[in-house]
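Trainee: Could you walk me through this structure, one question at a time?
Mentor: Gladly! Let's take a look together.

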Amino acid sequence: MSDPSKLTIEELISSLKQHRDELELKVHLATAEGKEEWARATEKMDQMVRDYEPLKQAVGESATEVASSLKLVGQEIMKSFDRIRKTF
């Protein structure tokens, strides 16, 4: 898995989508705890993608702050996906 802190936001979102798709195939076999983690992680990811769209249009310092926040959320999602993987 790539280090999320070194990816651009677009690369991070692409990587998260790939990991989500891979895990989605296995999640039906997961424990209840794994399914709850899955629901939280995918909701965060969906929100991250929605938040990123306006950022693509933004410029300046505030865009940098938003980008940093999105990267932090992406790192949290990656960690959630790792925890889900460990339930299998």
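**Salt bridges and helices**

Mentor: Let's start with one residue in this predicted model: Lys 44 has a relative accessibility of 34%, so Lys 44 counts as partly exposed.

Trainee: Which residue forms a salt bridge with Lys 44?
Mentor: In general, side chains of opposite charge can pair when their charged atoms come close. Here the closest N and O atoms are 2.9 Å apart, and a salt bridge needs them within 4 Å. The partner of Lys 44 is Glu 76.

Trainee: Which helices does that pair tie together?
Mentor: The two residues are 32 residues apart in sequence, so the pair ties together separate parts. Lys 44 sits in residues 32–55 and Glu 76 in residues 61–85, which means the helices are H2 and H3.

Trainee: Is Glu 76 buried or exposed, or something in between?
Mentor: Buried means under 20% relative accessible area, and exposed means over 50%. Glu 76 has 39%, so the answer is partly exposed.

Trainee: Which helix holds both Asp 82 and Arg 85?
Mentor: Their side chains meet in a salt bridge, at 3.4 Å from N to O. An α-helix has 3.6 residues a turn, so residues three or four places apart point the same way. Asp 82 and Arg 85 are three residues apart, about one turn, and both lie in helix H3.

Trainee: Which residues are joined into one network by salt bridges that share partners?
Mentor: The structure holds six salt bridges. Those that share partners join Glu 37, Arg 40 and Arg 83.

Trainee: What distance should helix H1 span, and how far apart are its end C-alpha atoms?
Mentor: H1 covers residues 9–27, which is 19 residues. At 1.5 Å a residue, the expected span is 27 Å. That agrees with the model, where the end C-alpha atoms are apart by 25 Å.

Trainee: How many degrees around the axis do the buried residues of H1 cover?
Mentor: The buried residues of H1 include Ile 9, Leu 12, Leu 16 and Leu 23. The buried set lies on the same side of H1, because the arc covered is only 160 degrees.

Trainee: What pattern does the protein chain follow along the sequence?
Mentor: The protein chain has three helices and zero strands. Read along the sequence, the pattern is α-α-α.

Trainee: And what share of the residues of the protein chain count as buried?
Mentor: A residue counts as buried when its relative accessible area is under 20%. Of the 88 residues in the protein chain, the share that meets this is 34%.

Conventions
Residues are numbered from 1 along each chain as its sequence is written. This is a predicted model: local features need pLDDT of at least 70, side-chain atom pairs count only at pLDDT 80 or more; totals for chains, interfaces and linings use all residues. Side-chain values use heavy atoms; hydrogens and water are left out. Helices (H or I, at least four residues) and strands (E, at least two) are DSSP runs, numbered from the N terminus. The expected span of a helix is 1.5 Å times one less than its number of residues. Buried means under 20% relative accessible area, exposed over 50%, partly exposed in between (1.4 Å probe, protein chains only). The arc is that of the directions from the helix axis to the C-beta atoms.
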